[in-house]
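Student: I am new to this structure and would like a close look at a single part of it. Please take the surroundings of the ligand, and then place that part within the rest of the protein.

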Amino acid sequence: MTAPSSSTWSTQKIKITIIGGGIFGNSAANNLIKAHPSYEITLISNRDYALNVMASHRLVVDGFNSKQVTRPLSSIINNKVKIVVVQDITNFDDKSTDIISMASNQQINIPHDILILATGSIWTNPILTNEFGANLGQMDQYVNEQMEQLKTAKKVVIAGLGFVGIELAGELGHKFKKELGTGQKKIICVHPSDSVLDENYKHSIRSSIKDYLSEMNLTLMFHDVALFDESDPNTVILRSSNTVIEDVDVFYNCTGPKPNLPPTTLQELDLSNRGFVKVKKTLQTLNYPNIFAIGDINNVPGKNMNYREEHIQVLKQNVHAVVTSNKSGFKDYEAKEKALGISIGPKAGVGQAPVPVVGTIKVPDMLVVMYKSKTLYTDKLNSILGKI
Ligand SMILES: Cc1cc2nc3c(=O)[nH]c(=O)nc-3n(C[C@H](O)[C@H](O)[C@H](O)COP(=O)(O)OP(=O)(O)OC[C@H]3O[C@@H](n4cnc5c(N)ncnc54)[C@H](O)[C@@H]3O)c2cc1C
């Protein structure tokens, strides 16, 4: 597959389509239009608002309201970018995207020279963000349903204590402190290894998180895998110990995100085993030089919000290199280890940071609380959502 030649492009306006009005897609749109005001950029999203996914668990646990974690897309995106809110994308390929327009309820074809996929991941209930709906009314309805379910639940099982499972457990532990203390509510967290997270994290981090969660009266079970029993919605089976947990009101499967890829007829779009879009170091898809994938939808190590700036710089340069057919103008993406913080409710958190020569160190918990746990970035909402 080859991109159109520069001579084809020189006679017309370059058309760029970005699919996904989230943390990466918005930033890509604003940065590209700023660098190249002559490009015709269309941002396609299935919502008319942008959401700070990183605060979505506190939203459903009743710690934030929807205004604190969202902004209308139109207030975030540069007004030279065309925003199209869709009911559905029915297909995309290397030439165009087919959508059902929300405004006209009609099937429309949007042609592009360059396509940027930024549709992110599907997380788990209760933060199944792809179910949040097209507008704030629908989102509030979903959030209220989840909130109500959580309030009345007596027994909750969380499968998986990766960072999302931990953060969700921390929000629940904080919100239902009293009920957990009196035994009115029970929250059981099941994880396959001997501690939370995995060996890629420092031992001190893992044991510190374990302590925080235990102090919140959460029940922690290690060396096991929790499976939802399809035949009985109130039963969870622990695979290794063959234990049955009965009377479960809510089961949250926090065993990792799934890719949120719209339908496509492209035969040679290479996907990883888990379905994420494989990209080269240039962030171009393997077989389609005019299709890029950024953020959670791609398969590079180091692709979360922390790495947005690096993604965008590489994208900006490489889109230009494709447009100008400048083979030596490409830049490679490299993810260096960065500081990270995991919140455990609004008042606790742990983190680690790489320090030259010394290696990775645990950072003081208070720094994580100040920088992340307290606000989950709602204090920087515009910039988190991609406004520049
Ligand atoms: C609880 C939690 C805490 C986190 N904390 C951190 C943290 O501290 N630091 C960090 O770096 N990362 C963190 N992350 C990860 C971070 O949120 C993601 O890396 C980031 O949101 C990825 O951005 P994105 O633009 O790729 O996807 P998203 O932000 O999910 O945006 C995707 C967008 O695409 C749209 N979309 C999806 N499908 C379609 C479709 N078919 N058609 C049109 N539009 C579509 C969606 O509506 C959405 O607007 C956290 C995640 C969670 C769940």
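Tutor: What follows starts at the ligand and then moves outward to the domains and the core. The model is a predicted one.

Around the ligand there are 32 residues, and those that come nearest are Gly20, Gly22, Gly120, Gly295 and Met305. Four elements give two or more residues to this shell: helix 2 (23-35), strand 2 (40-45), strand 5 (82-92) and helix 7 (163-175). Of these, helix 2 gives the most, with three residues. By class, the shell around the ligand is made up of 15 nonpolar, 13 polar and four charged residues.

The shell can next be set against the division of the protein. There are two parts, domain 1 (6-123 + 257-329) and domain 2 (129-256 + 337-377). Each of domain 1 and domain 2 supplies at least three residues to the shell around the ligand. The centres of domain 1 and domain 2, taken over C-alpha atoms, are separated by 29 Å. In the contact between them, domain 1 takes part with 26 residues and domain 2 with 24 residues. On the side of domain 1 that touches domain 2, the elements giving two or more residues are strand 3 (49-51) and helix 3 (56-60). Helix 3 has the largest share of that side, five residues. That side of domain 1 counts 13 nonpolar, nine polar and four charged residues.

A record adds one label to this picture. The UniProt annotation "domain: FAD/NAD(P)-binding", from an unreviewed entry, covers residues 15-301. In the model, the span of residues 15-301 is 26% helix and 27% strand, and its end C-alpha atoms lie 29 Å apart.

The last piece is the nonpolar core. The largest such core has 100 residues, and Ile18, Ala28, Ile116, Leu117, Val157 and Ile158 are those with the most contacts inside it. This core, too, draws at least three residues from each of domain 1 and domain 2. Ile18 serves as an example of how the core is put together. Leaving out residues up to four places away in sequence, Ile18 touches Gly25, Ala28, Ala29, Ile41, Leu43, Ile44, Ile116 and Ala118. Two of the elements that line the ligand return here: Gly25, Ala28 and Ala29, touched by Ile18, fall in helix 2 (23-35), while Ile41, Leu43 and Ile44, also touched by Ile18, fall in strand 2 (40-45).

Methods
Residues are numbered from 1 along each chain as its sequence is written. This is a predicted model: local features need pLDDT of at least 70, side-chain atom pairs count only at pLDDT 80 or more; totals for chains, interfaces and linings use all residues. A residue is near a molecule or strand if its C-beta atom, placed from the backbone, lies within 6 Å of it. Ala, Val, Leu, Ile, Met, Phe, Trp, Tyr, Cys and Pro count as nonpolar, Asp, Glu, Lys and Arg as charged, and the others, Gly among them, as polar. Domain bounds come from an automatic or database domain assignment. Two residues are in contact if their C-beta atoms, placed from the backbone, lie within 7 Å. UniProt positions are given in the numbering used here, feature names are shortened, and annotations may be inferred rather than shown by experiment. A nonpolar core is a set of buried Ala, Val, Leu, Ile, Met, Phe, Trp, Tyr and Cys residues joined through C-beta atoms within 7 Å. A residue is buried if 20 or more other C-beta atoms lie within 10 Å of its own, exposed if 12 or fewer, and partly exposed in between; C-beta atoms are placed from the backbone.
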